[in-house]
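Biologist: I would like to learn how to read ligand shells, cavities and backbone oddities in a model. Can we take them one by one?

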Amino acid sequence: MTNHWRDIKNADVILVMGANPAENHPCGFKWAVEAQQGGAKLVVVDPRFNRTAAVADLYAPIRAGSDIAFLGGLINHTLQNNLHHQEYVRLHTNASFLVQEGFSFTDGLFSGFDDATATYDKASWRYETDEQGFARRDPTLQDPRSVFQILKAHYARYTPEVVADICGCSREEFLKVADVVCSTGRADRVGTIMYAVGWTQHTYGAQIIRTAAILQLLLGNIGRPGGGINALRGHANVQGATDHAVVANSLPGYLKMPTASQTSLEAHLAASTPKPLAPNAVNYWSNYPKFFVSQLKTWWGQAATPENDFAYAYLPKMDEGTNTTYLGMFDRMYEGKMEGLLCFGFNPVLAGPNTAKLIQALGRLKWLVVVDPFDNETASFWQAPGVNAADIQTEVFVLPSTHWIDRSGSFTNSGRLAQWKHQAMPIHPGIRSDTWILANLMLKLKELYRKEGGAFPDPIVDLTFDYLRPEDPSLEELAREINGYDLTTGRLLDSFAQMRDDGTTTSGNWLYCGSWTEAGNMMARRGQSDPTGMGFFHEWAWNWPLNRRVLYNRASADAGGRPWDPRRPGIVWNGSRWVGDVPDFGPTSPPSQGLGAFIMTEEGVGRLYSPGLADGPLSEHYEPFESPTENLLHPNVKTNPVTPVFKSDLDRWGNLDEYPIVCTTYRLTEHEHFVTAWVPYLVEAMPDFFVEIPEGLAQEKGIVNGGRVRVRSIRGEVEGVAMVTKRLRPLNLKGRRVWQVGMPLHWGFRGLMKGPMANSLTPFVGDPNTQCPEFKGFLVNVEKA
Ligand SMILES: Nc1nc2c(c(=O)[nH]1)N[C@H]1C(S)=C(S)[C@@H](COP(=O)(O)OP(=O)(O)OC[C@H]3O[C@@H](n4cnc5c(=O)[nH]c(N)nc54)[C@H](O)[C@@H]3O)O[C@H]1N2
Ligand SMILES: Nc1nc2c(c(=O)[nH]1)N[C@H]1C(S)=C(S)[C@@H](COP(=O)(O)OP(=O)(O)OC[C@H]3O[C@@H](n4cnc5c(=O)[nH]c(N)nc54)[C@H](O)[C@@H]3O)O[C@H]1N2
Ligand SMILES: [Mo]
């Protein structure tokens with residue numbers, strides 16, 4: 001979230017799209033309801049009329065996977081009708097930046113596309129620069145090469161009629177949404193967007209979110225209380241896990257994983273430390289070397305010296321071109337190229353796409369370790385339906401561990417708020433915690449490498465491990481280690497501004513610097529004062545970064561430092577400093593200095609045009625890998641041209657003749673993924689797998705409500721109770737009627753409730769930036785069972 005949960009209450013308009021917070025974030029959703037009670041409009045765009053839609057002011061249906069078309073239509077509606085926040089756009093975005101002559105977009109492809117490798121050379125996407133390397137600009141925004149004009153031309157194709165044809169809603173439904181959402185491009189109005197995995201789980205998920213960012217920047221809604229783009233996160237601590245490097249290509253704090261060609265610290269830092277593109281850009285990532293060296297010092301302590309590049313050689317390096325994500329890993333496993341897998345708190349057999357491929361992949365491992373408080377389908381994959389256990393050679397080790405309920409520690413919520421929680425249950429005798437298991441594994445490895453040497457034992461032997469009880473480090477000492485120390489004084493750091501790149505400071509994760517200082521555990525604070533009246537509550541727990549509630553909050557004010565809306569100030573210049581939220585800006589940098597509000601970008605402003613992603617500096621509508629239609633915008637490029645395709649015999653695509661129906665998958669309030677299959681009360685509340693089917697389709701197929709239905713994709717099939725409903729409507733794709741069905745994902749073959757696995761149907765393909773699988777939008781057929 002750029003903003004925070006409580007801040008949703010400050011919005012005039014809330015667009016929920018690609019999420020269903022009434023069911024999946026019911027506690028946080030109360031802030032949307034409170035906003036509504038204060039007069040805000042809640043708008044839902046979803047393939048299903050879900051429970052969030054049921055309490056919304058406005059709902060529009062959409063074909064799964066067509067979100068970029070819908071959002072592109074909103075951008076076009078804004079620009080065609082001059083609804084954008086003009087002063088904000090001029091001041092706080094890159095609208096005036098000029099793009100190089102070589103940049104173009106033709107027939108569905110951006111310039112620089114290489115057919116042979118299916119990747120883009122991004123060189124032509126760069127800005128035109130002057131002698132100092134700064135981007136040239138046209139403050140009038142009239143130059144045809146200005147971002148503003150390129151944007152306008154690019155999205156002009158997304159007319160209300162085109163949106164309706166691609167998304168399957170009516171032109172009128174789209175326009176009603178556009179009227180409400182685009183009404184916030186004014187100083188006295190503000191709107192927010194809430195999204196989750198209805199947007200990420202596509203082969204262009206990152207670009208859907210980019211499109212939303214463009215819209216919000218045009219409407220002047222980023223950085224303001226009541227605005228922002230708010231990703232509703234998943235598991236209770238998935239935000240914390242992501243911050244601490246659950247992502248394959250990042251180190252904690254979103255530092256970059258070094259690559260094989262970066263053979264020295266200098267080379268890595270040079271490649272990772274951005275240069276400013278505007279004279280007024282703060283370019284905060286220029287501090288990258290301080291964050292990176294402090295991290296190396298945390299991990300290798302005394303062994304990390306200026307002479308040895310602070311042990312840079314100890315860090316593993318990524319091979320460019322090797323896919324180290326979930327999909328890449330399971331594909332290699334399927335090819336028989338992996339020996340073993342450690343699974344901590346993860347049930348990939350049910351969580352990943354194309355279950356048949358996943359189960360076969362695990363069967364080609366020599367060993368598998370599952371660390372989990374419960375038995376799950378991954379630990380028991382050799383007992384899956386259709387699998388002959390006698391054929392499986394994989395040796396499976398199950399280590400029962402604690403559940404987070406059994407432990408204290410920190411949880412970081414969607415709003416980046418890190419809250420220290422308390423142990424709710426005593427640990428069962430004989431059960432070990434994840435930290436105990438990891439620490440003992442590490443100590444054993446250290447012992448083995450110390451004894452036996454090996455090719456390069458140093459990174460393991462030298463790894464710092466000075467905990468009070470090395471065999472069971474406490475979460476308190478880990479949290480302090482993450483915060484970091486000043487090694488010259490031995491004191492905990494207060495802020496990442498104190499970090500140095502000379503090896504005299506440590507910090508496991510610069511974003512969390514300030515979370516546990518000499519003043520104590522900031523995450524455990526429960527202060528209840530809110531002097532600003534804006535719902536910031538700065539003394540309640542601790543937000544990264546630096547206890548800031550709203551990111552980019554300098555953009556909540558105009559050039560003079562006055563809030564766009566005095567009733568909803570973010571930060572305000574009081575003549576000598578910025579007051580309100582913790583400023584995302586030099587606290588005493590006067591507005592007259594004219595520094596850019598977006599301190600993390602090289603441009604110093606928000607990016608309407610962003611040359612960084614793999615699939616284009618602007619977004620474009622592509623079809624899901626399995627889709628019921630041609631790409632109506634450009635018939636020659638149907639799907640995202642840079643999406644990597646896996647080539648195993650189990651990676652097959654269904655065709656429209658055999659599989660004419662769109663299918664999507666989702667959650668239910670009563671279950672948490674797969675693990676609540678062990679919770680009797682929840683199983684009782686929602687025991688049976690079902691498929692939601694529109695009335696017209698049910699009639700066509702002779703399926704009755706409560707009867708049985710079979711759903712097949714080219715990869716597998718599921719069978720369950722038919723829930724015939726009005727909540728899924730027929731789609732009208734340019735005059736052609738297409739049906740859409742949906743199903744929940746919570747069933748498996750272990751636990752107290754058993755049922756079909758939704759992912760037996762889903763395709764093994766993901767977004768080129770994130771490799772997030774396309775769980776939302778694929779082809780099936782439906783029949784009476
Ligand atoms: N009760 C409960 N709460 C949970 C979880 C749980 O398992 N149970 N899981 C947690 C986790 S890990 C996560 S990641 C979050 C996920 O939170 P959500 O993203 O809200 O989860 P989903 O229900 O998968 O999908 C949300 C909505 O997206 C819609 N949708 C499907 N395809 C598309 C599409 O192509 N476009 C659009 N616009 N919408 C689409 C679905 O109909 C659904 O209403 O929930 C968290 N909260
Ligand atoms: N078709 C389809 N597939 C999907 C999705 C979808 O929308 N559609 N959503 C995807 C998403 S967003 C997610 S997040 C995944 C969820 O996939 P998973 O994260 O694999 O699902 P969970 O059932 O939450 O499994 C987590 C496991 O962690 C264990 N656990 C809980 N606490 C602890 C602990 O403290 N320590 C350890 N070691 N274990 C613990 C639980 O017992 C459980 O077995 O599913 C993904 N798959
Ligand atoms: Mo998730």
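**Reading the model**

Modeller: Start with ligand 1: it has 31 residues around it, and Asp46, Gly65, Asp67, Arg667 and His671 come nearest. A residue is near a molecule if one of its heavy atoms lies within 4 Å of it. This is a predicted model, in which local features need pLDDT of at least 70, side-chain atom pairs count only at pLDDT 80 or more, and totals for chains, interfaces and linings use all residues. Residues are numbered from 1 along each chain as its sequence is written, chains are lettered from A and ligands numbered from 1 in the order in which they are written, and side-chain values use heavy atoms, with hydrogens and water left out.

Biologist: Which domains and which helices and strands supply the shell around ligand 1?

Modeller: Domain bounds come from an automatic or database domain assignment. Here the protein is divided into domain 1 (5-236), domain 2 (326-407 + 421-452) and domain 3 (661-784). Domain 1 and domain 3 each give at least three residues to the shell around ligand 1. Helices (H or I, at least four residues) and strands (E, at least two) are DSSP runs, numbered from the N terminus. Helix H1 (21-24), strand S2 (41-46), helix H9 (197-200) and strand S24 (661-666) each supply at least two shell residues.

Biologist: How does the shell around ligand 1 divide by residue class?

Modeller: Ala, Val, Leu, Ile, Met, Phe, Trp, Tyr, Cys and Pro count as nonpolar, Asp, Glu, Lys and Arg as charged, and the others, Gly among them, as polar. The shell around ligand 1 has nine nonpolar, 15 polar and seven charged residues.

Biologist: Which atoms of Asn24, Asn50 and Val197 pair with ligand 1?

Modeller: A polar contact is a pair of N or O atoms within 3.5 Å; within protein, one must be able to donate a hydrogen and the other to accept it, and residues adjacent in sequence count only if both atoms are side-chain atoms. Asn24 places a polar side-chain atom 2.8 Å from an oxygen atom of ligand 1. For Asn50, a side-chain N or O atom is 3.0 Å from an oxygen atom of the ligand. Val197 uses a polar backbone atom, 2.8 Å from a ligand oxygen. On its own, ligand 1 exposes 920 Å², and the protein buries 94% of that. Accessible areas come from the Shrake-Rupley method with a 1.4 Å probe; for residues, only the protein chains shown count as cover.

Biologist: Which residues come nearest to ligand 2?

Modeller: Asn347, Ala351, Asp372, Asp434 and Asn759, out of 26 residues around ligand 2. By class, that shell holds 11 nonpolar, 11 polar and four charged residues. Now the contacts. A backbone N or O atom of Ala351 is 2.7 Å from a nitrogen atom of ligand 2. Phe674 has a backbone N or O atom 3.1 Å from a ligand oxygen. Lys776 brings a polar side-chain atom to 2.8 Å from an oxygen atom of ligand 2. The protein covers 88% of the 920 Å² of accessible area that ligand 2 has on its own.

Biologist: How many cavities does a search of the whole structure find?

Modeller: Rolling a probe the size of a water molecule over the atoms shows where empty space is left. On a 1 Å grid over the protein atoms alone, a cavity is a set of points where a 1.4 Å probe fits but cannot get out; lining residues have an atom within 4 Å of a point. Grid points are joined across faces, edges and corners, and a volume is the space filled by probe spheres set on the points. The search finds two cavities of 30 Å³ or more. The largest has a volume of about 50 Å³. Its lining includes Val13, Leu15, Thr184 and Gln216. Strand S8 (191-195) is one of the suppliers of at least two lining residues. The second largest cavity, about 30 Å³, has Phe674 and Asn759 among its lining residues.

Biologist: Where does Pro545 lie, and what is unusual about the backbone?

Modeller: Most residues other than glycine have a negative phi, and most peptide bonds are trans. Trp544 and Pro545 are joined by a cis peptide bond, with omega about -15°. Pro545 lies in the loop between strand S21 (542-543) and strand S22 (571-573). Ala118 has a positive phi, near 50°.

How values were computed
1 Å grid on protein atoms, 1.4 Å probe; cavity = no way out; pocket = protein on both sides within 12 Å on 5 of 7 lines; lining within 4 Å.
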